[in-house]
Amino acid sequence: MKFASGQEFKEQTHYVISLMAMSGMGKTYLGQKLAQDAWFHYSADYRIGTRYLVEDILDALKIRMMQDPILRKLLRSDSIHLNHNLTVGNLALLSNFIGKFGDEKKGGLAKDEFLHRQQLYADAEIRSQSDIAPFIRKARDIYGYHHFLNDTTGSLCEIADINNIDACPIIQNICAHSVLIYVEADQEDEQMIIERQLAYPKPMYYNRALFDEMLAEYGDHIDPDDFLRHIFPRTIEFRKQRYQTLAHHYGYIISGKDFRHVKNSHDFVDLIADNINNSRK
């Protein structure tokens, strides 16, 4: 969705924004803030975890519990019930399910299982973005929210067919129903994100070609955390190029520095309008 000017954008009655950025840039933080200001916050990862992967997540936990004789007996007799407590602000269970590739003795997943979960996540992410149109209607007609923020995952650029964007269903669907905004990290942002990942390696989705390339470089005896540290800086560079391609074709770019100063809905709308005007120059 494109506009002739920032003023045309501001004249909308209902704002619908799809926010795209690296994980750690504050998309979810802003979404939670805007939820207090007449915006419906649609978290893609929350939708993935509670709708499309919930059975897989719970089954994986049950498999581990069945290894304990006492828990096995209680599960088989329906004496205990397992459920999730995923929230928009706490997606640790989803992250744990995605897992880390590497030595199982160090908490990693074997390659086949890791890649299986990666594919499950990618499929679920696509489905989560196919859901935005009905959720836009629900947000407005049922809950009375005037505006809608689609808080996409950091890997949105990876599930998109970047070489054939005009025929990519998921991107076409997003852009048919919303304004695509890319929050561009500057060098300081990137360094902060990388340092955080190096200090506390967090599971993530990988482009398969990049994963295979990094695996060939790393060699045998995979330490899960060390492999994450090995691949993450390259993942940042890989994604950055894809984000920029998507934004230049179908959306707008706002800087991470300006994004950090957004305090409310008014600031957010003005920032987008200013960038729409700047993109026309």
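The following exchange examines how terms are assigned in a predicted model.

Trainee: What makes strand 1 and strand 4 a pair?

Mentor: Two strands pair if at least two bridges are found between them. Four bridges join strand 1 (residues 16-20) to strand 4 (residues 179-184), so the pairing criterion is satisfied. One of the residues involved is Met20, whose bridge partner in strand 4 is Tyr182. The two strands run parallel.

Trainee: In what order do the five strands of the open sheet stand?

Mentor: The order is 2-3-1-4-5, and the pairing is parallel.

Trainee: Why are strand 2 and strand 5 said to stand at the edges?

Mentor: Strand 2 (39-43) and strand 5 (251-255) each have a single partner strand, so one side of each is left without a neighbour in the sheet. As for the geometry, neighbouring strands of this sheet are turned by 25° against each other on average, direction ignored.

Trainee: Which strands does helix 15 touch, and what is its direction relative to strand 5?

Mentor: Helix 15 (residues 265-279) packs on the sheet and touches strand 1, strand 2, strand 3 (147-151), strand 4 and strand 5. Contact here requires heavy atoms within 4.5 Å. The direction of helix 15 makes about 115° with that of strand 5.

Trainee: Why is Ala185 called buried?

Mentor: The term buried applies under 20% relative accessible area. Ala185 has a value of 8%, and therefore belongs to the buried class. Ala185 is found in the loop between strand 4 and helix 11 (187-199).

Trainee: Which residues does Ala185 touch, leaving aside those up to four places away in sequence?

Mentor: Ala185 touches Met22, Met25 and Glu190. In addition, Ala185 and Ile254 are 69 residues apart in sequence, with their C-alpha atoms 9.1 Å apart in space.

Trainee: How many cavities of 30 Å³ or more are counted?

Mentor: The count comes to one cavity. The volume of the largest cavity is about 30 Å³.

Trainee: What makes a residue part of the lining of a cavity, and which residues line the largest cavity?

Mentor: A lining residue has an atom within 4 Å of a cavity point. For the largest cavity, the lining consists of His14, Ile136, Ala139, Arg140, Tyr145, His146, His147 and Phe148. Helix 8 (132-141) and strand 3 are the elements that give two or more residues to this lining. Helix 8 provides the largest share, three residues.

Trainee: How many lining residues of the largest cavity fall in each class?

Mentor: Four are nonpolar, three polar and one charged. Arg140 is in the lining, and Arg counts as charged; therefore Arg140 is the charged residue in that tally.

Note on methods: Residues numbered from 1 in each chain as written. Predicted model: local features only at pLDDT ≥ 70, side-chain atom pairs only at ≥ 80, totals over all residues. Heavy atoms only, no water. Axes fitted to C-alpha atoms, helices over the stretch in contact; angles between N-to-C directions. 1 Å grid on protein atoms, 1.4 Å probe; cavity = no way out; pocket = protein on both sides within 12 Å on 5 of 7 lines; lining within 4 Å. Points joined across faces, edges and corners; volume = space filled by probe spheres on them. Buried < 20%, exposed > 50% of the residue type's maximum accessible area, 1.4 Å probe, protein only.
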